Amino acid sequence: MKIIRLLAICALMASLTSCATLFTSTKYPVTFNSTPEGAGITIENRAGVVVFDGKTPASVKLKSSAGYMKKEEYKVTFTKDGYAQKVVHISAELDGWYIGNILIGGWLGMLIVDPLSGAMYKIAKEDREINETLEPVSNEYALQVYDINHLPNGVNKDDLVRIN
């Protein structure tokens, strides 16, 4: 009788566990570096809310969840004068510990605790260090001065505006 009671208690405890919440995190530090250093970075979450605005190098803790059963996604924009803007996307993924709820019968953890805590998702290790090289841009536009009597083909004198 004691063995049956012990097994029942163990089964009850196992069904109430939430593997991902117990073994992982809900926020992950992500490091941002750029070449050249000092680039501006803006991080927006999936709702378009700016969660960080600063310069490289930077380390930011990012949430892995955007709410109940929603993984978080981020748009990271790198900017620097004289360089082309670069955009990188970071998307959380399902945490393997969340699957542990199925294996041990942790339905409460699977349907309530892990999704509400945000621990059912993680930011992958390869997305926790972002190193971007910004490409310099050349000024393709230049001021061209023409004589009114010698305009290039396609330029109509009637479209010009006199400046005094």
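Which residues does F78 touch, not counting residues up to four places away in sequence? In this predicted model, F78 touches F32, N33, S34, G40, I41, T56, Q85, K86, V88, I130, E132 and L134. The strands and loops around these contacts are described below.

The largest nonpolar core holds 20 residues. F78 is one of the five that touch the most other members. The others are F32, L62, I90 and I123. Several strands feed this core. β1 (27-35), β2, β4 (58-63), β7 and β8 each supply at least two of its residues.

Strands of a sheet pair through backbone hydrogen bonds, either parallel or antiparallel. One open sheet consists of four strands. Their order is β3-β2-β7-β8, and the pairing is antiparallel. β3 (50-55) and β8 (86-91) stand at the edges. Each has a single partner strand, so one side of each is left without a neighbour in the sheet. On average, neighbouring strands here are turned by 15° against each other, direction ignored.

Within this sheet, β2 spans residues 40-44 and β7 spans residues 73-79. The two strands pair in the antiparallel sense over five bridges. Across this pairing, T42 stands opposite T77 in β7.

Another open sheet has three strands, in the order β4-β1-β11. Its pairing is mixed. β4 and β11 (129-133) are the edge strands, and each pairs on one side only. Neighbouring strands of this sheet are turned by 25° against each other on average, with direction ignored.

β1 and β11 pair in the parallel sense. Five bridges link these two strands. T31 has E129 in β11 as its bridge partner. Two further residues of β11, I130 and E132, are among the contacts of F78. F32 of β1 also touches F78.

Two cis peptide bonds complete the description. One joins T35 and P36, with omega about 0°. P36 is placed in the loop between β1 and β2. Another joins T56 and P57, with omega about -5°. P57 lies in the loop between β3 and β4. T56, which precedes P57 at this cis bond, is also one of the residues touched by F78.

Note on methods:
Residues numbered from 1 in each chain as written. Predicted model: local features only at pLDDT ≥ 70, side-chain atom pairs only at ≥ 80, totals over all residues. Heavy atoms only, no water. Pairing = 2+ DSSP bridges. Axes fitted to C-alpha atoms, helices over the stretch in contact; angles between N-to-C directions. Core = buried A, V, L, I, M, F, W, Y, C linked by side-chain atoms within 4.5 Å. Buried < 20%, exposed > 50% of the residue type's maximum accessible area, 1.4 Å probe, protein only. Contact = heavy atoms within 4.5 Å.
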